[in-house]
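Please go through the side-chain packing of the model shown here. Short questions with reasoned answers will do.

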Amino acid sequence: CSPGATRSERNKKMALRREVRRAQKAPNTVVLCEDETILREFPPLRACWGKRGEAVEVPITGSNARRVIFGALNPFTGSRLCMRARRNSAAAFRDFLHRIRATYRRWDILLLLDRASSHTAKATAALAATLRIRFGWLPTACPELNPIEPLWDDGKQHVCANRAPEDLDVLANRFVAHLCGLSNTEALRRAGVLSGNYWLTA
């Protein structure tokens with residue numbers, strides 16, 4: 001966890017790791033890490049090549065429309081599931097829970113995620129129980145514990161950086177295609193899971 005994490009949060013991390021390891025040993029159980037990211041019409045700015053002595057120009061539209069990408073990563077196999085949405089809302093998250101259940105029809109599911117309001121809403125908890133999806137809450141102040149975070153950064157670097165999209169839906173499709181086009185092993189490598197000291201596998 002980050003330096004600002006309390007002892008309580010560190011203890012929660014250890015308890016969650018034990019829960020994940022129990023889930024690994026259980027038959028027909030899958031562990032997934034879930035998160036969302038926002039793609040904006042205003043592009044993320046990154047270092048890039050340019051002519052010496054000249055500033056690099058990044059044309060923008062002046063608008064800042066957005067699309068949301070929901071994602072789930074299996075930190076042990078590298079398999080990924082993504083969904084595009086127009087809003088980062090509790091309703092959209094519940095749609096994603098249906099997508100997860102449709103993909104893992106006969107599996108028990110442990111979903112690791114943060115305590116965003118869309119995740120903790122009463123209607124979300126009720127749906128998760130109906131779909132037999134168990135939530136494992138990641139400690140606060142510990143974003144590095146979610147391996148899908150580096151994949152968001154990777155996608156934005158390769159797909160979104162330094163250029164405003166002509167069509168935001170096309171950008172969202174390209175972003176998802178980039179992430180889903182990685183091999184499972186490459187996805188785990190870019191997520192940092194294969195580092196040798198990742199918290200779920202060390």
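The turns below cover the nonpolar cores and then the aromatic pairs.

This is a predicted model, in which local features need pLDDT of at least 70 and side-chain atom pairs count only at pLDDT 80 or more, while totals for chains, interfaces and linings use all residues. Residues are numbered from 1 along each chain as its sequence is written, and side-chain values use heavy atoms, with hydrogens and water left out.

Q: Which helix gives the most to the largest nonpolar core, and with how many residues?
A: A nonpolar core is a set of buried Ala, Val, Leu, Ile, Met, Phe, Trp, Tyr and Cys residues joined through side-chain atoms within 4.5 Å; buried means under 20% relative accessible area, exposed over 50%, partly exposed in between (1.4 Å probe, protein chains only). The largest one has 33 residues, with Phe175 among those touching the most other members. Elements supplying at least two residues each include strand 1 (29-40), helix 5 (148-160) and helix 6 (168-181); helices (H or I, at least four residues) and strands (E, at least two) are DSSP runs, numbered from the N terminus. The top contributor is helix 6, with six residues.

Q: How many residues are in the second, separate core?
A: Its members include Met83, Leu97, Leu113 and Leu131. The count is 22 residues.

Q: What kind of aromatic pair do Phe135 and Trp137 form?
A: Rings of Phe, Tyr and Trp (its six-membered ring) pair if their centres lie within 6.5 Å; planes under 30 degrees apart count as stacked, over 60 as edge-to-face and the rest as tilted. Here the centres are 5.4 Å apart and the planes 75 degrees apart, so the pair is edge-to-face.

Q: Is Phe135 buried or exposed?
A: Its partner Trp137 is partly exposed, at 25% relative accessible area. Phe135 has 15% relative accessibility, so Phe135 counts as buried.
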